[in-house]
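Me: I am in my first year and would like to take a close look at a single part of this model, namely its disulfides. Could you walk me through them slowly, one after another?

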Amino acid sequence: MRRSQYRRESKYSKWFTGRRRIIAAVATLVAFGGIVTVTQVSDASTKKTTQRALAACNGLQAPKSTKLSTKTKKNDYTTNNGRVTQHPDDGAGNVATTAQLRARCRQWVMQNAGNNAGATAAPTASAVASADTAAGNGGNNNGGNNNGGNNNGNAGNNNGNAGNNNGGGAATPPATPPPGAGLGVLANSCDGSQLEAHDGFQNGNRCVSTEFGEVGSQENNPSLLITEAPTEVGVNQPFTLKVSTRNLIRDRFLAAGQGGYYVESSILQGGLVRGHFHTACRLLANTDEAPAPEGVPAFFVATEDKQGGAAPDVVTIQVPGIPAAGTAQCASWAGDGSHRIPMMQRANQTPAFDVVRIEVGDGGNNNQGNNQNQQQQNNNQNNNNNQNNNN
């Protein structure tokens, strides 16, 4: 049976004819033209952003070389049959040249221009001085790729498609390199962290968003030294430690139990750190390996006495005793307002801390008392000698 050559006419066939077809075609062209126009405007804006960023790269200058340790090799070397790499002076001797800085800056700009890069500050020599390559591993700053905060696990890698915000709402900031561009920085904020925000209390598995704050010049950085400590004490025998600090104003303390832990940025006063210092003593299970970190010490105090400054001074710490025999480790270290050890200008400066070991025995040898008596005798002898000389 042959199918009929005639088909029933659609009831819509007359609707999309003539004038309506012309109107539809015109509307399509108008929409397409609008898309092209928006794309052209966006491209023009991107080009201007890129040009400004490239111009800023031309102003970069290499940083000055810093002081290096006197007995350390100048270049990276290995120990333990090549299994361990040692970086002299924390890499401070490997200073980038001006040409290297500018080249890295330009490459970073070309890789990031037009994306929602999280960096907004103009490039400076200090921002990229430590970079090894402009591309690097993990250079992609996906800190803005915030898919509901998941960030695809690539938080803060400072290169590549920085900040392609899948939410689509952010404006494009200047494409300029952030500090550490090219080093494969894992993160420089908590934007992409999977952890809860730190709340100022003593909770782990949190992300602390408090900025580091201000760092002073090298001659004003804090230092600390335990100047006097016993070598042996008895179990539960009280003893004293004498601690000297320099360049530390001991007038800032926020109680951890009140929510003051890691919540305050470092603020300088006259170029000096404001904070306090800590002293703690704990028994070591052995002296052959690093101790477990979670143990509670036998003694811990934070010292805030409204004293201290540029000149060194000494504070006496009264320790009520160690509860058992063994080797005790007593340490003192400076803290800023948020209890963190203060920052230093140079990478190869020694932080403000000191540690001593004290043998705690059942015999109750009061070595500190003997030392103090001997010191007093020496002082008396010196005084007598001075008096005889004066006579």
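Reply: Counting the bonded cysteines along the chain, the disulfides of this predicted model follow the pattern 1-2, 3-4, 5-6, and a search of the whole structure finds three such links. It helps to take them in the order in which they come along the chain.

Cys57 and Cys105 form a disulfide in which the sulfur atoms are 1.9 Å apart. The angle about the S-S bond is -70°, and the link of Cys57 and Cys105 is left-handed. Cys57 belongs to helix 1 (residues 19-57) while Cys105 belongs to helix 2 (residues 98-112), so this pair ties together parts that are 48 residues apart in sequence. If you look at how covered the two ends are, Cys57 has a relative accessible area of 0% and is buried, and Cys105, at 0% relative accessibility, counts as buried too. Buried here means under 20% relative accessible area, a cut-off worth keeping in mind for what follows.

Cys190 and Cys207 form a disulfide with their sulfur atoms 2.0 Å apart, and with -90° about the S-S bond this link of Cys190 and Cys207 is left-handed. Here Cys190 sits in the loop between helix 3 (125-128) and strand 3 (196-197), whereas Cys207 sits in strand 4 (residues 206-207), so the pair ties together parts that are 17 residues apart in sequence. Cys207 has a relative accessible area of 17%, and because buried means under 20%, Cys207 is counted as buried.

Cys281 and Cys330 form a disulfide whose sulfur atoms are 2.1 Å apart, and the link of Cys281 and Cys330, with 115° about the S-S bond, is right-handed. Cys281 is found in strand 10 (residues 272-284) and Cys330 in strand 13 (residues 326-336), so the pair ties together parts that are 49 residues apart in sequence. Cys281 is buried, with a relative accessible area of 0%, and Cys330 likewise counts as buried at 0% relative accessibility.

To place these links in their setting, note that the secondary structure of the chain comes to four helices and 14 strands, and that 31% of the 391 residues count as buried. Among contacts between residues at least 6 apart in sequence, 74% join residues at least 24 apart.

Conventions: Residues are numbered from 1 along each chain as its sequence is written. This is a predicted model: local features need pLDDT of at least 70, side-chain atom pairs count only at pLDDT 80 or more; totals for chains, interfaces and linings use all residues. Side-chain values use heavy atoms; hydrogens and water are left out. Helices (H or I, at least four residues) and strands (E, at least two) are DSSP runs, numbered from the N terminus. Buried means under 20% relative accessible area, exposed over 50%, partly exposed in between (1.4 Å probe, protein chains only). Contact means heavy atoms within 4.5 Å. A disulfide is a pair of cysteine sulfur atoms within 2.5 Å.
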